[in-house]
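Reader: I would like a close look at a single part of this protein, taken slowly and with its surroundings kept in view. Please start from one residue and work outwards to the elements around it.

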Amino acid sequence: MRGEASRIADRESRDSLAPKLRDSGKDAWRIGNELFKITGVLDRNLALERALTDPSRPVADKVAVLKELFQGNEHPVTMEIMTDLVSRRWSRAKDIANAVEDFGVDAMMYYADVTDATLQVSIELSELHSALLGLPVVRAKLYDDQAPSEARVKLFHEVFDGKGLNPITVRLAEHATCNLRRRRYLETIQWLINKFSRHMGESMVTVTTASPLTKEQIQRLTKIYSAKAGRPVHINSVVDPSVLGGMRVQIGDEVTDNTVVAQLQHLHRTVNADA
């Protein structure tokens, strides 16, 4: 969990630079990729993170480190973002990498906006999440930190190439497995889904059932949860036969689990407690 100083630094930096990132147009694709690369470099180099977050070190020195790292090949907005981040105070050195990754995803969302692909990417990420629930072996290999990152990315393409995914969806999915960042793969995909939902001004309601929802059921759930939220929602329908029946609904961190498997687990715990 990030400390208060890091949360403030992250929020203020993104609020300050969001307009410039949004106005970068199609350059946002390049900026996002550069920021993902920087995230990886920081994650692999604690000494660099410390150098860039040391409050006793002049900002000019930190910028000099950045220039040496980039060697003049970075987009001007990328450099501006990094300069702003190193000028702020961080609770922990590694928190700056989290902020860089946040900016990278923001850049990809703005690129999706300018290419009219935001809703498509959001839906494809949800479909990817649903598909991987039924592919436990693939899912495990995508976050196997003992395997080279190149092998994990190659596996993703072997499984999902030919599915017609938007290049933005593919790039985000690649990033999720290329740099695991101590997260499970599905956890990262869900985080991306939530970020796109907030970006679109909607809430993502993930509904897990044993069999696919009908069009009428999705429409009814959309109406119900839009009324509850007071704003439009998108239903992310996940099919997971292991739940046996019933419905599991997740909105952010709030989960309502009325599936058959959840009821059986509750019954099992109750019986054991009474024994």
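Author: In this predicted model, Ile 251 touches Met 204, Val 205 and Tyr 225, once residues up to four places away in sequence are set aside. Ile 251 itself has its place in strand β3, and with a relative accessible area of 34% it counts as partly exposed, because buried would require a value under 20% and exposed one over 50%. For a sense of distance along the chain and in space, the C-alpha atoms of Ile 251 and Ile 31 are 220 residues apart in sequence and are separated by 31 Å.

One of these contacts is also a pairing in the sheet, since Ile 251 in β3 is the bridge partner of Val 205. The two strands concerned, β1 and β3, pair over 4 bridges in the antiparallel sense. As a general point, the strands of a sheet pair through backbone hydrogen bonds, either parallel or antiparallel. The other kind of pairing is found between β1 and β2, which run parallel and are joined by 7 bridges; here Thr 206 has Asn 236 in β2 as its bridge partner.

Taken together, 4 strands form an open sheet of mixed pairing, in the order β2-β1-β3-β4. The edges are held by β2 and β4 (residues 254-257), each of which has a single partner strand, so that one side of each is left without a neighbour in the sheet. On average, and with direction ignored, neighbouring strands of this sheet are turned by 15° against each other. Although β2 stands at an edge, this strand is mostly covered, with 5 of its 7 residues buried.

The contact with Tyr 225 leads from the sheet to helix α12, where Tyr 225 is one of the buried residues, together with Leu 221 and Ser 226. Seen down the axis of α12, these buried residues fall within an arc of 130°, and they therefore line one face of the helix. What they pack against is the sheet just described, namely β1 (203-209), β2 (233-239) and β3 (248-251). The face turned away from the buried side of α12 carries the exposed residues Lys 223 and Ala 227.

The length of α12 can be checked as well: at 1.5 Å a residue, its 15 residues, 215-229, should span 21 Å, and the end C-alpha atoms are 21 Å apart, which agrees. Just after α12, Gly 230 takes a positive phi of about 75°.

A second helix also belongs to the setting of these strands, for α7 (residues 118-133) lies across β1 and β2 and runs at about 20° to β2.

Beyond the sheet, a pair of helices can be described in a similar way. The axes of α4 (residues 59-70) and α5 (residues 76-86) come within 10 Å and cross at roughly 145°, and the crossing is right-handed. Where they meet, α4 contributes Lys 62, Val 63, Leu 66, Lys 67 and Phe 70, while α5 contributes Met 79, Met 82, Thr 83 and Val 86.

A last residue to look at is Asn 33, which is found in helix α2 (residues 27-43). Leaving out residues up to four places away in sequence, Asn 33 touches Met 108 and Arg 171. Its C-alpha atom is separated by 6.9 Å from that of Gly 104, 71 residues apart along the chain.

Terms used:
Residues numbered from 1 in each chain as written. Predicted model: local features only at pLDDT ≥ 70, side-chain atom pairs only at ≥ 80, totals over all residues. Heavy atoms only, no water. Expected span 1.5 Å × (residues − 1). Buried < 20%, exposed > 50% of the residue type's maximum accessible area, 1.4 Å probe, protein only. Arc of directions from axis to C-beta. Contact = heavy atoms within 4.5 Å. Axes fitted to C-alpha atoms, helices over the stretch in contact; angles between N-to-C directions. Left-handed = near helix turned anticlockwise from the far one by under 90°.
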